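User: Could you walk me through a structure? I would like to start with how two helices pack, then turn to the empty spaces inside.

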Amino acid sequence: MQVPRRIFLASTILSGAALSHPSVAFETSSKRVSNGARWLDGRPPDYETGQTFGLAWPRGALGARTSLRAVADDGASIAVQSWNVAFWPDGSVKWTGHALPAGITSERVRIEPGRPTRPEAPVSVERRGTGWIVRSAAVEWHIASGTDAIVRSVDVNGRRVMGPVRLKAIMATSAEGQGRRPLDPIIETITVEQSGPVRAVVRLDGRHSQVAPHLPVSLRLYFHAGSNAMRVVHSFTNDCDPEKHFLSGIGISADVPLSGEAYDRHIRVALGDERLLAEAARPLTGLRRDSGMQVRTAQVEGRAVPLAEMNPVVRDRLDAIPIWNDFRLLQHAANGFVLQKRTGTGHAWIGSDEGRRAPGFASVSSPAGGAALSMRYFWQRHPSALTVDALGGEVTSLTGWLWSPDALPMDMRSYRGVMGMEGYDAQNAGLEITYEDYEPGWDQSFGIARTSELTLWALPATPAADEIRAMARGGAEPARLVAEPEHLHRAAVFGDWSLPDRSTPARAAIENQLANLVDFYSEEVDRRSWYGFWDHGDVMHSYDADRRQWRYDIGGYAWDNSELSTDLWLWYQALRTGDAKSFRLAEAMTRHTGEVDVYHLGRFAGFGTRHGVQHFSDSSKQPRISTSIYRRIFYYLTCDERTGDLMRALLGSAERLLDIEIGRKVPGRVATELPPRHVEMSFGTVWSSLAANWLTEWERTGKRKWRDHIVAGMESIGAMPNGWLTGNAPYNLDTGRFVPVRKLSISHLNAVFGAVELNSELLQLLDVPAYRAAWLNYCRFYNAPPAEFEAQYGKAKLPFNLREGHSRLTAYAANRLKNPDLAARASGEFFSGQAGLGTLDHDPRVAAPGGMVEWPGLSTNAAAQWGLAAIQNLALIGSALDEAFVPGSSKRSRARP
């Protein structure tokens, strides 16, 4: 299938949605299709501020100009804003995005062709001078560029309640915090990406400093109809010299012009487990002289204190009651926070409360209005903080610190010295011992990034305690509508996977182990405290059974950094089950691996870093880590614009191969022999990783150049005498074609960084017969018995690694060739457990000292590859798995090896 040449800019389904998705002309489908989304946690939340989600459609089912409406369980229409996100090769819609207003209570939302309902109070965006005004509910958000303000001012019902909202950053000159100075941020550009009626999206780009290091920042502000909240997605890139610059604080601060007396100025801080600090700047409860029940009740509830009802003894001596001006909630570790307050600068901080994990919510307000701020992943990404300054002053400041200035600064230096490894021989010797690919100067943090999520509310008054608690829960873990697995499966997206099935002993054992693995890793994150600003979202690579500890300090065995497609395993499990635990593990991982493990500036831009003690410490910089194959599922399910930016930024990353030698310690191994603009490229770890970027852009835009670039690579691989078993070849960056070579070279890594999943999709979308044959041969012969391999290729078969994980290659060939012998062989390979995890019909987890839990023999490589093989084999050779499974057997295979 090919995209027709005639491309046009598709009109969006609703007026005001972003006109950013070119498509081919395709008439409205006459087929009445529908699609559904349900709540990730299984039920409607008690509080939410608006929804955005993506839905997949079968090829040919939905036209590019089809209007869509949203319907609740009871058949009532829901206001919706829809847009096209991706397209099939025939021009029909593959993915749509949908925004709903706040306050959805339906268990499920159905999207179907029809006239969309508009919200009663639409979101609108109006140009005003050099800025914009976004109106949502009764709130006006005034946005302007050229200053340090994200939002210049915020009005509720015409009354100023907040503003400006500013970027904050502090730099130090040492890791101990000396030489601290505030930076001078600036917002340089504003782009309105969506303008209602249900959702508005405004992008701001700028920098935290107007002199180097600049700390570039990109923010998106999200507004939904019916909500007084603004969601902020804050992404900054580290361009600091790690030996000279130590970021000591970074966050967002809102000025709140509170009115009224100090006893009517309220602070609310969520402390977790429904606990809440609810106080006033000047407290009227607990005094020696009772201020009066009506007064006390009003202050506790956040209402205006009835001064006339106040005990005259108290009223006449209000100035004797201290005003508490400053508050700080410090979450400097995952398992401990402190809340302190003071009357002002120069006076002591007084302990107010402490606990384990604060949700990351605070508000300041008076009966006339105020503001609230929530930070997602508050305790998970320590050291974080929420501070309130001058609660009793003319302007109160409410600040969310993504990195707390009361903690030590970020130390982004390498964790190790050169240790005599100036030369490649010594570096390779070190690799043999610690599995760390070290090279001086390549273990740098310059260019990595981090994205954080915050929510700001404009308050008309002080909310009730129950509402505050609901806001805190919603900010810490936002409710999410997600496409239903059944509809995703029917749409035939993302290759080979099936819905959960426990109808036979084999399938039950596999499904149970899939669930147990997700449970284990989810619990290990917490047991082992895999938290911290730069670490949260990743998991460890390998376990040290002697120490009963993951190898967090051993070279290439520490952080996983997407090694062997951990991200994909979790996403496929989330796709097929709709399981919240799988989804949230995968979401946090995607937020981490796409930002922290990938370079966005500098000489490594577009490449990621192999697994190591620090996320940036290994010198192997690879497109197999940065590839879009690990981000696109999250992007399509959530329509997250930041993830879309990250994938688009990778489109030109192949050019880096001219300057960055990604082969370990053997620079120039072929470069001197190649013509200009040619690089040596593996088919799996490199070309497939890059092709995933091109595929995603082709789907999103319909632009033929990306399709043609993929096809050029496919055709040239298919033309090789040994096809995919050639392994790698010189690649022309200009033509997108490989130079034909005759050789046999097989790497056990070529297919385990998304190549299997990518090729399943490519062969669904593009008809390139020679490439199809090349891929099927690779699938058939990678795990083939030695005699069969030698008969086909005339050379002895090497002892290829990861046999269990590669069983899915054999299964793919069996399925596509309809070959029962191959299916039997694949099931035997899978159940053999060879160079893998093994499939058990019981839960292998055992208790370990100190409240720990172990899974004997587990590594994340094995878990990820077993998980992907299990999911794909269930879809491809389910009956053969049933036949081969032997309950209680250690090998569990009747099939031929």
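User: Which residues of α15 meet α17?

Analyst: Happy to help, and please keep in mind that this is a predicted model. On the α17 side, the contact is made by Leu-809, Thr-810, Tyr-812, Ala-813, Arg-816 and Leu-817. The residues of this contact divide into eight nonpolar, one polar and two charged. Those on the α15 side are Trp-775, Leu-776, Tyr-778, Cys-779 and Arg-780.

User: Are α15 and α17 parallel, perpendicular or oblique to each other?

Analyst: Two packed helices are described by the angle and the distance between their axes. Here α15 (residues 769-781) and α17 (residues 807-817) have axes 7 Å apart and pack at an angle of about 125 degrees. Roughly perpendicular runs from 65 to 115 degrees and roughly antiparallel begins over 145. The angle of about 125 degrees fits neither range, so α15 and α17 are oblique.

User: Is the crossing of α15 and α17 left-handed or right-handed?

Analyst: The angle of about 125 degrees describes how the two helices pack, and the handedness adds the sense of the turn. For α15 and α17, the crossing is left-handed.

User: Now the open spaces: which element supplies the largest share of the lining of the largest pocket?

Analyst: This pocket has a volume of about 940 Å³. Of its 36 lining residues, the closest to the centre are Arg-357, Trp-379, Gln-380, Ala-476 and Glu-477. At least two lining residues each come from β23 (266-272), α4 (465-476), α6 (505-527) and α8 (580-593). The largest share, six residues, comes from α8.

User: How many residues of the lining of the largest pocket are charged?

Analyst: Let's go through the classes one by one. The lining of the largest pocket has 16 nonpolar and six polar residues. The charged residues in this lining number 14.

User: What about enclosed spaces: which element gives the most to the lining of the largest cavity?

Analyst: The structure holds 11 cavities of 30 Å³ or more, and the largest cavity has a volume of about 530 Å³. Of the 32 residues lining the largest cavity, the closest to its centre are Thr-49, Gly-50, Arg-231, Pro-478 and Ala-479. Elements giving two or more residues include β4 (51-56), β21 (229-237) and α10 (632-638). The most, four residues, comes from β32.

User: And how many residues in the lining of the largest cavity are charged?

Analyst: By class, this lining has 11 nonpolar and 11 polar residues. The number of charged residues in the lining of the largest cavity is 10.

Terms used:
Residues numbered from 1 in each chain as written. Predicted model: local features only at pLDDT ≥ 70, side-chain atom pairs only at ≥ 80, totals over all residues. Heavy atoms only, no water. 1 Å grid on protein atoms, 1.4 Å probe; cavity = no way out; pocket = protein on both sides within 12 Å on 5 of 7 lines; lining within 4 Å. Points joined across faces, edges and corners; volume = space filled by probe spheres on them. Nonpolar A, V, L, I, M, F, W, Y, C, P; charged D, E, K, R; others polar. Axes fitted to C-alpha atoms, helices over the stretch in contact; angles between N-to-C directions. Parallel < 35°, antiparallel > 145°, perpendicular 65-115°, else oblique. Left-handed = near helix turned anticlockwise from the far one by under 90°. Contact = heavy atoms within 4.5 Å.
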